[in-house]
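This report introduces a protein structure to a reader who has not met it before. Please look over the sequence and the model shown here, and then read the sections that follow.

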Amino acid sequence: MKRSNITNEEIGALLGSFSDLRKELSAGITQATSFKAALAISNIYIFMFTCLFFLIRGNIVPTFTPNLMAEDFLAIFGGKAIAAFWIFTILNISLYFNFSFNIVSLCATIYIASSVFDLVALFHERISFQETFYLTLLITTSPVLIFSMVFMVFTHKASVETL
């Protein structure tokens with residue numbers, strides 16, 4: 001088997017031919033500050049939503065109504081919390097790789113809006129700041145999440161702008 005010797009000049013020429021492409025890809029896409037703020041708000045909200053579920057399920061957060069700990073409530077709330085967590089995980093991955101972010105964020109917006117309407121329809125009699133403060137705060141602040149999701153869909157920069 002013959003071993004081919006490549007000189008340093010040849011290696012330099014090979015690396016130099018791809019240097020422009022590497023600079024362009026490594027520059028990345030600079031998103032607007034308002035987009036970053038909307039993304040941070042959405043991620044914090046979903047993180048709090050998921051943490052609230054685990055705190056309620058583990059009886060760490062005091063609940064003032066015994067029917068809040070019912071199995072049907074925990075099943076619905078838990079399913080929505082876990083689904084929202086995984087949807088936002090996929091959303092953040094698609095943003096990182098800049099692959100189908102608008103489609104994923106549109107699907108996440110539809111799911112979040114549907115989830116909020118379901119929670120309000122199913123638990124409207126339990127919404128009270130005196131009895132279920134955490135759940136009521138989560139449901140009443142959910143329009144902020146929906147607005148930030150819609151804002152992210154419309155303000156995302158999908159490609160590198162050339163000069």
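## The largest pocket

The largest pocket is lined by Ile-41, Tyr-45, Met-48, Phe-49, Cys-51, Leu-52, Leu-55, Tyr-134, Leu-137, Leu-138, Thr-141 and Val-144. The model in which this pocket is found is a predicted one. The space within the largest pocket amounts to about 240 Å³.

Two helices, H3 (33-57) and H6 (133-140), each contribute at least two residues to this lining. Helix H3 gives the most, namely seven residues. By character, the lining of the largest pocket consists of eleven nonpolar residues and one polar residue, with no charged residue.

## Overall architecture

The protein contains seven helices and zero strands. Read from the N terminus, its elements follow the order α-α-α-α-α-α-α.

The protein has 163 residues, of which 31% count as buried. Its accessible surface is about 10,900 Å², and carbon and sulfur atoms account for 69% of that area. Among contacts in the protein with a separation of 6 or more, 80% are between residues 24 or more positions apart.

## Aromatic pairs

A pair of aromatic rings is described by the distance of the centres and the angle of the planes. The count for this protein is five aromatic pairs. One of them joins Phe-85 and Trp-86, with 5.2 Å from centre to centre and 75 degrees between the planes, an edge-to-face arrangement. Phe-85 has a relative accessible area of 38%; it is partly exposed because this value lies between the limits of 20% for buried and 50% for exposed.

Tyr-96 and Phe-97 also form a pair, with ring centres 5.0 Å apart and planes at 80 degrees. This pair is edge-to-face because the angle between its planes is over 60 degrees. Both Tyr-96 and Phe-97 are exposed.

## The loop at Ser-100

Where does Ser-100 lie in the chain? Ser-100 is placed in the loop between helix H4 (71-97) and helix H5 (101-123). The relative accessibility of Ser-100 is 32%, and this residue therefore counts as partly exposed.

The backbone of Ser-100 has a phi near 60 degrees, a positive value in a residue other than glycine. Most residues other than glycine have a negative phi.

Conventions
Residues numbered from 1 in each chain as written. Predicted model: local features only at pLDDT ≥ 70, side-chain atom pairs only at ≥ 80, totals over all residues. Heavy atoms only, no water. Phe/Tyr/Trp six-rings, centres within 6.5 Å; stacked < 30°, edge-to-face > 60°. Buried < 20%, exposed > 50% of the residue type's maximum accessible area, 1.4 Å probe, protein only. Helix = DSSP H or I, 4+ residues; strand = E, 2+ residues; numbered from the N terminus. 1 Å grid on protein atoms, 1.4 Å probe; cavity = no way out; pocket = protein on both sides within 12 Å on 5 of 7 lines; lining within 4 Å. Points joined across faces, edges and corners; volume = space filled by probe spheres on them. Nonpolar A, V, L, I, M, F, W, Y, C, P; charged D, E, K, R; others polar. Contact = heavy atoms within 4.5 Å. Areas by Shrake-Rupley, 256 points an atom, 1.4 Å probe, with all protein chains shown as cover.
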